Amino acid sequence: MVRRNDQRRAALVDAAIEVLAAQGARGLTFRAVDTEAAVPPGTASNYFANRDDLLTQAGARVYERLHPGEAALARQRTASRERDTYVQLMRELVDRVAGFRTGYLALLELRLEATRRPELRAVLTERVREDVAANVAHHEASGLPGDATAVKLLMLALNWLIVERLTLPDVFTEEERDRLVTAAVDRIVAPDAPDRG
């Protein structure tokens, strides 16, 4: 029987994220999650039907925790519409995502695991598509320069910059990363380019 204590379930999923980041997908066991969450042995197995269920919920939870929150979104809606604002928003995005280091590393592990697990791949594909669509819709509503293609290209470029920052942090200095974000916006966001989707 699967348990329903939502706080305990969230704590276990958060522990699973930590295990994924530290030990990889192969290290994700119910026992490892119980240990990370500091709960009695067997607790995780009472909350998740199987390991696939745990993997899937961990992926969804990373995205929940990466959401900027309503206060940040409201602030972004009232910001100026110049290119400098766009650069600042992208820097904040990189910092926010990189600030949840274990979550992003866990997400990378989940993506690799998804190449072997069709159900997990389907869940992550749907979640990433929703994320892309939400980012495009938010951008279009914001009045910032650029089109949907620019948003998608920036997501792709900045995701890899985040990977570098989290996995090989000495490749670029903080100043170089800032300059790269600025260059990405300057080179990708053409205010008058036609949108090709």
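## A walk through the helices

Helix 1 and helix 4 sit roughly perpendicular to each other, so select that pair to begin. This is a predicted model, so treat everything on the tour accordingly. The two helices pack at an angle of about 95°, and their axes are 9 Å apart. To see the interface, show side chains on residues 6-23 for helix 1 and residues 51-66 for helix 4. From helix 1 come Arg-9, Ala-10, Val-13, Asp-14, Ala-16, Ile-17 and Leu-20; facing them in helix 4 are Leu-54, Leu-55, Gln-57, Ala-58, Arg-61, Val-62 and Arg-65.

**Stay on helix 4 and pick Thr-56.** Is this residue buried or exposed? Thr-56 counts as buried, at 15% relative accessibility. Setting aside neighbours within four places in sequence, its contacts are Glu-119, Leu-120 and Val-123.

**Next, Leu-28.** Beyond residues up to four places away in sequence, Leu-28 touches Ala-16, Val-19, Leu-20, Val-33, Arg-51, Leu-54 and Leu-55. Among these, Ala-16 and Leu-20 belong to the helix 1 side of the interface you just saw, and Leu-54 and Leu-55 to the helix 4 side.

**Now colour the core.** The largest nonpolar core has 53 residues, and the ones touching the most other members are Leu-20, Leu-28, Val-33, Tyr-86, Met-90 and Leu-110. Helix 9 supplies the largest share of this core, with ten residues. As background, nonpolar side chains tend to be buried together in soluble globular proteins.

**Slide over to helix 2, residues 30-37.** Its buried residues are Ala-32, Val-33 and Asp-34. What covers them includes helix 1, helix 3 (43-47) and helix 4. Step just past the end of helix 2 and you land on Ala-38, with a positive phi of about 55°. That is a positive value in a residue other than glycine. Ala-38 lies in the loop between helix 2 and helix 3, and it is exposed, with a relative accessible area of 70%.

**Select helix 9, residues 148-167.** There are 20 residues here, reaching 29 Å from first C-alpha to last, close to the 28 Å expected at 1.5 Å a residue. Look at the start: a side-chain oxygen of Asp-147 comes to within 3.1 Å of the backbone nitrogen of Thr-149. Then display the buried residues, including Val-151, Leu-154, Met-155, Leu-158, Ile-162 and Glu-164. Which helices do the buried residues of helix 9 pack against? They pack against helix 6 (83-99), helix 7 (101-114), helix 8 (118-142) and helix 10 (174-188).

Two residues let you look at helix 9 from its neighbours.

- **Val-97**, in helix 6, is buried, with a relative accessible area of 9%. Not counting residues up to four places away in sequence, Val-97 touches Leu-66, Tyr-104 and Ile-162. If you want a distance to draw, try Val-97 to Phe-172: they are 75 residues apart along the chain, and their C-alpha atoms are separated by 17 Å.
- **Asn-135**, in helix 8, counts as partly exposed at 27% relative accessibility. Leaving aside neighbours within four places in sequence, Asn-135 is in contact with Val-151 and Met-155, both among the buried residues of helix 9. Asn-135 and Ala-148 are 13 residues apart in sequence, with 8.8 Å between their C-alpha atoms.

Notes:
Residues are numbered from 1 along each chain as its sequence is written. This is a predicted model: local features need pLDDT of at least 70, side-chain atom pairs count only at pLDDT 80 or more; totals for chains, interfaces and linings use all residues. Side-chain values use heavy atoms; hydrogens and water are left out. Helices (H or I, at least four residues) and strands (E, at least two) are DSSP runs, numbered from the N terminus. Buried means under 20% relative accessible area, exposed over 50%, partly exposed in between (1.4 Å probe, protein chains only). Contact means heavy atoms within 4.5 Å. The expected span of a helix is 1.5 Å times one less than its number of residues. A polar contact is a pair of N or O atoms within 3.5 Å; within protein, one must be able to donate a hydrogen and the other to accept it, and residues adjacent in sequence count only if both atoms are side-chain atoms. A nonpolar core is a set of buried Ala, Val, Leu, Ile, Met, Phe, Trp, Tyr and Cys residues joined through side-chain atoms within 4.5 Å. Axes are lines fitted to C-alpha atoms, for helices over the stretch in contact, and angles run from 0 to 180 degrees between N-to-C directions. Angles under 35 degrees count as roughly parallel, over 145 as roughly antiparallel, 65 to 115 as roughly perpendicular and the rest as oblique.
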